[in-house]
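Visitor: Could you walk me through this one, one question at a time?

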Amino acid sequence: MGKKLLLEHDNVPGIQGYDVYRQMGGYASVEKALKTMNPNAVVEEVKKSGLRGRGGAGFPTGMKWSFLAKPDGVPRHLVCNADESEPGTFKDRYLMSRIPHLLVEGMITSSFALGANTSYIYIRGEYYYIVRILEKAIAEAYAHGWLGKNILGTGYNLDLYVQVGGGAYICGEETALLESLEGKRGNPRIKPPFPAVKGLWERPTVVNNVETIAAVVPIVNNGGDAYAAIGVGKSTGTKLISASGHLNKPGVYEIELGLPVEEFIYSEEYCGGIRNGRELKAVVAGGSSVPILPKHLILNTAAGEPRLMSYESLADGGFVTGTMMGSGGFIAMDDTTSIVKNLYTFTRFYHHESCGQCSPCREGTAWMEKVLHKILDGHGTLADVDLLWDLQKNIEGKTICPLGEAAAWPVAAAIRHFRTEFEEFVKNPTRIKDVKHYYRLNNLPEPVM
Amino acid sequence: MPKVTIDGRTIEVPEGTTILQAARMVGPEVAPPAMCYYTKLNTSGGYCRTCIVKVAQGSEKDPRPMPKPVPSCRTMVMDGMVVENETSPEIVEARKGVVEFLLANHPLDCPVCDQAGECHLQDLSYEHGSAKSRYEFDRRTFDKIDIGPYVQLHMTRCIMCYRCVKVAEQITDGRVHGVINRGDHAEISTYVEQAIDNDFSGNVIDVCPVGALTDKTFRFKSRVWFTKPVDAHRDCTTCSGKVVLWYQGEEVLRVTGRKDQWGEVEEFICNECRFEKKKTSDWTIEGVRTIDRHSVISQGKYARDLEIPAHTKKKLIK
Ligand SMILES: Cc1cc2nc3c(=O)[nH]c(=O)nc-3n(C[C@H](O)[C@H](O)[C@H](O)COP(=O)(O)O)c2cc1C
Ligand code: SF4
Ligand code: SF4
Ligand code: FES
């Protein structure tokens with residue numbers, strides 16, 4: 001069994017409530033940090049732990065914290081990013097709804113480390129039921145003296161608020177999130193300045209993912225070194241993976257980083273193999289925006305090494321033969337999956353979610369969707385496949401925020417690895433119109449719909 | 001003062017200068033096109049991405065190149081920075097892509113558009129675009145909206161440069177103008193069609209790079225290249241009163257701010273000067289205005305003796 005740090009007490013009945021959480025050792029990290037450590041020492045432990053941001057970019061958290069500007073007399077803020085809207089990612093929802101106090105505890109310890117006295121959890125609107133769970137947990141924490149004035153008699157004050165978003169993927173981008181939190185339209189800001197210098201209300205701000213903040217709890221409790229001892233290389237600790245798609249046991253798994261992908265997919269401890277005993281066709285390993293990989297490249301790197309669930313191993317081969325860890329949204333597809341249809345679904349999402357500020361993303365996401373729609377309708381041409389390639393290339397790297405890239409990468413990877421399938425679609429227009437054509441085309445049994 | 005090299009030409013500029021400003025100091029040959037940046041509007045720029053350049057060397061201290069093209073209007077120069085604009089084939093190619101995106105949903109109704117002849121999108125596509133679009137789907141359309149008695153918004157032509165939003169934010173009070181919806185459905189709006197009613201609102205017309213915001217007192221009266229620009233001023237208690245009058249014969253068809261070499265107004269003018277003073281007797285005439293831009297307005301017109309450069313001569317239709 002892999003080591004569990006976040007979901008260790010997941011199955012303890014009543015863990016959602018304060019009493020059981022406390023009995024299981026909850027809030028120890030707050031006691032330890034506030035009573036025996038100074039804020040810098042907490043930052044040092046996080047640095048030592050090697051923890052990397054779990055929101056998608058994988059930036060080292062300790063380093064991010066140490067960049068926080070500390071001008072005199074200006075308040076600082078910690079904001080938790082609970083906007084979780086990337087297709088294929090649902091780990092934060094799981095964590096917050098089952099063990100809400102872990103996030104509250106992490107927020108207190110992390111706020112203390114950063115010298116923040118007012119902190120926020122920004123949560124997507126669709127998670128309204130979790131808002132109630134979090135607010136209950138926060139009320140319990142206030143009632144037991146973990147929040148409010150003079151916490152544990154140390155003189156440290158902290159107020160924690162939950163802010164509900166309106167349900168826009170773009171508000172997960174940290175600067176759009178801050179705009180939205182300020183009550184404005186959620187448009188990403190042009191950087192610099194970075195939030196660490198000018199964030200919420202132009203004050204120095206750290207934005208971290210739910211899982212990142214939760215991971216601070218075991219780091220403070222057991223020490224950064226103990227955390228760093230888990231995992232491989234620069235991928236330390238454990239990671240929550242949201243496994244979905246054609247797996248026998250989809251769900252949220254806490255894995256030690258460095259677990260072989262093959263073991264994750266096929267072992268009984270984790271996903272238990274592909275449903276109905278079918279063949280694996282492709283995997284999107286880190287949420288909808290990371291490049292899709294065909295079976296042979298997700299199980300092994302181009303050099304033939306077993307691919308591991310770690311930041312480095314997943315990225316091995318760059319975008320030509322590799323992918324990214326992203327937010328850990330692991331979508332497995334079996335051989336009945338149409339890559340073209342899947343890509344259309346992703347592209348439609350990005351079109352719908354683009355904020356529309358910068359021309360390449362605003363126009364490009366809409367255009368790509370239309371081209372894919374045309375191909376799916378059986379009206380595509382080979383030139384359309386090349387056009388798609390050009391469009392993604394013209395978006396990538398030319399936008400204000402990474403949503404443009406998030407929209408471009410899946411298109412690039414699908415064409416790179418599955419070009420023949422696109423060609424098959426445009427060469428057989430009459431058969432395409434038949435919904436089941438795809439299966440017949442590839443001599444596959446038709447799936448039960 | 002930091003030194004920066006743009007397309008092989010080095011210039012020393014004050015601290016805090018953007019690459020775009022530095023390039024403009026060097027001259028129009030190296031200045032990237034800018035559709036959303038506007039010197040007099042804070043936080044403008046960064047949206048359209050036409051001004052992207054390649055930073056081949058970050059600075060003297062840290063010579064690493066920047067990994068992606070950067071918007072020159074929002075990127076500060078560093079000492080020893082080396083920038084490639086027209087000299088970088090990647091940038092020329094990437095800019096072509098941006099222009100294609102900007103035109104994808106543009107109606108190309110130039111023949112009936114008041115802005116034609118002084119439209120930055122026309123110039124941009126002529127200089128940096130392709131002759132043919134690969135976009136084959138229905139274009140986005142919107143109904144025309146009157147925003148107040150003087151200004152009409154024709155969103156179908158808008159390129160979402162946000163300049164008018166910044167004008168509304170920064171130089172008019174009681175802001176009722178902004179962006180609603182998102183992605184390619186995003187639109188400039190005064191929300192429930194509220195009238196913009198405010199002394200400086202007419203400036204949205206001057207900052208709009210395309211024909212999305214037009215002057216209702218001028219609509220369809222003439223093509224701009226048939227009108228004659230004249231510098232004039234009056235004593236105005238609200239603004240500087242320095243304007244350009246656009247004549248056809250003896251009649252003043254429209255009044256605008258004075259635009260510089262980059263198409264940006266030198267000073268914002270008030271609505272009274274713009275919309276209500278349309279008689280020569282309202283103004284002190286200074287003289288014919290030189291149109292500096294390579295615009296059709298200046299073609300064979302009043303301001304200067306035409307000296308046709310050799311390379312243009314070759315292209316002229318005989
Ligand atoms: C379009 C877009 C959506 C994003 N959505 C989320 C999100 O839902 N949750 C999240 O934690 N990070 C999201 N991010 C990443 C954040 O911008 C930011 O990097 C992250 O919250 C930093 O936290 P971390 O360092 O703990 O990973 C998103 C980024 C982009 C560009
Ligand atoms: S990349 Fe897309 S989502 Fe991001 S700022 Fe630009 S238009 Fe908005
Ligand atoms: S209406 Fe004109 S100024 Fe306003 S955003 Fe559109 S193009 Fe820019
Ligand atoms: S002018 Fe720089 S991005 Fe528009």
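What follows is a short chat about interfaces, domains and salt bridges.

Guide: Before we start, this is a predicted model, where local features need pLDDT of at least 70, side-chain atom pairs count only at pLDDT 80 or more, and totals for chains, interfaces and linings use all residues. Residues are numbered from 1 along each chain as its sequence is written, chains are lettered from A and ligands numbered from 1 in the order in which they are written, and side-chain values use heavy atoms, with hydrogens and water left out.

Visitor: How much area do chain B and chain A bury between them?
Guide: Contact here means heavy atoms within 4.5 Å, and 34 residues of chain B touch 34 residues of chain A that way. Buried area is the accessible area (1.4 Å probe) that two parts lose on being put together, summed over both. Carbon and sulfur atoms carry 54% of it here, and the total is about 2,800 Å².

Visitor: Which three residues supply 28% of the area that chain B buries against chain A?
Guide: No other three residues supply more of chain B's share. They are Phe101(B), Arg134(B) and Arg182(B).

Visitor: Which element gives the most to the side of chain B that touches chain A?
Guide: Helices (H or I, at least four residues) and strands (E, at least two) are DSSP runs, numbered from the N terminus. Two elements of chain B give two or more residues to that side: strand 8 (178-180) and helix 2 (89-104). With seven residues, the top contributor is helix 2 of chain B.

Visitor: How many charged residues are on the side of chain B that touches chain A?
Guide: Ala, Val, Leu, Ile, Met, Phe, Trp, Tyr, Cys and Pro count as nonpolar, Asp, Glu, Lys and Arg as charged, and the others, Gly among them, as polar. That side has 17 nonpolar and seven polar residues, and the charged ones number 10.

Visitor: How many salt bridges are there between chain B and chain A?
Guide: A salt bridge is a side-chain nitrogen of Lys or Arg within 4 Å of a carboxyl oxygen of Asp or Glu. Glu363(A) and Arg140(B) make one at 3.2 Å, N to O. Between the two chains, the count is five.

Visitor: Where in chain B is Arg134(B), the residue that pairs with Asp390(A) across the chains?
Guide: The two side chains meet in a salt bridge at 2.7 Å, N to O. Asp390(A) sits in helix 17 (residues 382-395) of chain A, while Arg134(B) is in the loop between helix 3 (120-128) and strand 6 (145-147) of chain B.

Visitor: Is Arg134(B) buried or partly exposed?
Guide: Buried means under 20% relative accessible area, exposed over 50%, and partly exposed in between (1.4 Å probe, protein chains only). Its partner Asp390(A) has 22% and is partly exposed. Because its relative accessibility is 34%, Arg134(B) counts as partly exposed.

Visitor: How many salt bridges cross between domain 1 of chain B and domain 2 of chain B?
Guide: Domain bounds come from an automatic or database domain assignment, which splits chain B into domain 1 (3-98), domain 2 (106-215) and domain 3 (224-317). Domain 1 and domain 2 of chain B bury about 1,400 Å² between them, 63% of it on carbon and sulfur atoms. Met35(B), Leu41(B) and Tyr47(B) supply 46% of what domain 1 of chain B buries there. The salt bridge count across that interface is zero.

Visitor: How far apart are the C-alpha centres of domain 1 of chain A and domain 3 of chain A?
Guide: In chain A, domain 1 covers 18-225 and domain 3 covers 339-441. These two bury about 920 Å² between them, 69% of it on carbon and sulfur atoms. Their C-alpha centres lie apart by 36 Å.

Visitor: Which side chain joins that of His77(A) in a polar contact of 3.0 Å?
Guide: A polar contact is a pair of N or O atoms within 3.5 Å; within protein, one must be able to donate a hydrogen and the other to accept it, and residues adjacent in sequence count only if both atoms are side-chain atoms. His77(A) lies in strand 1 (residues 77-82) of chain A and is buried at 3% relative accessibility. The His77(A) side chain reaches the backbone oxygen of Thr118(A) at 2.9 Å. At 3.0 Å, the side-chain partner is Arg203(A).
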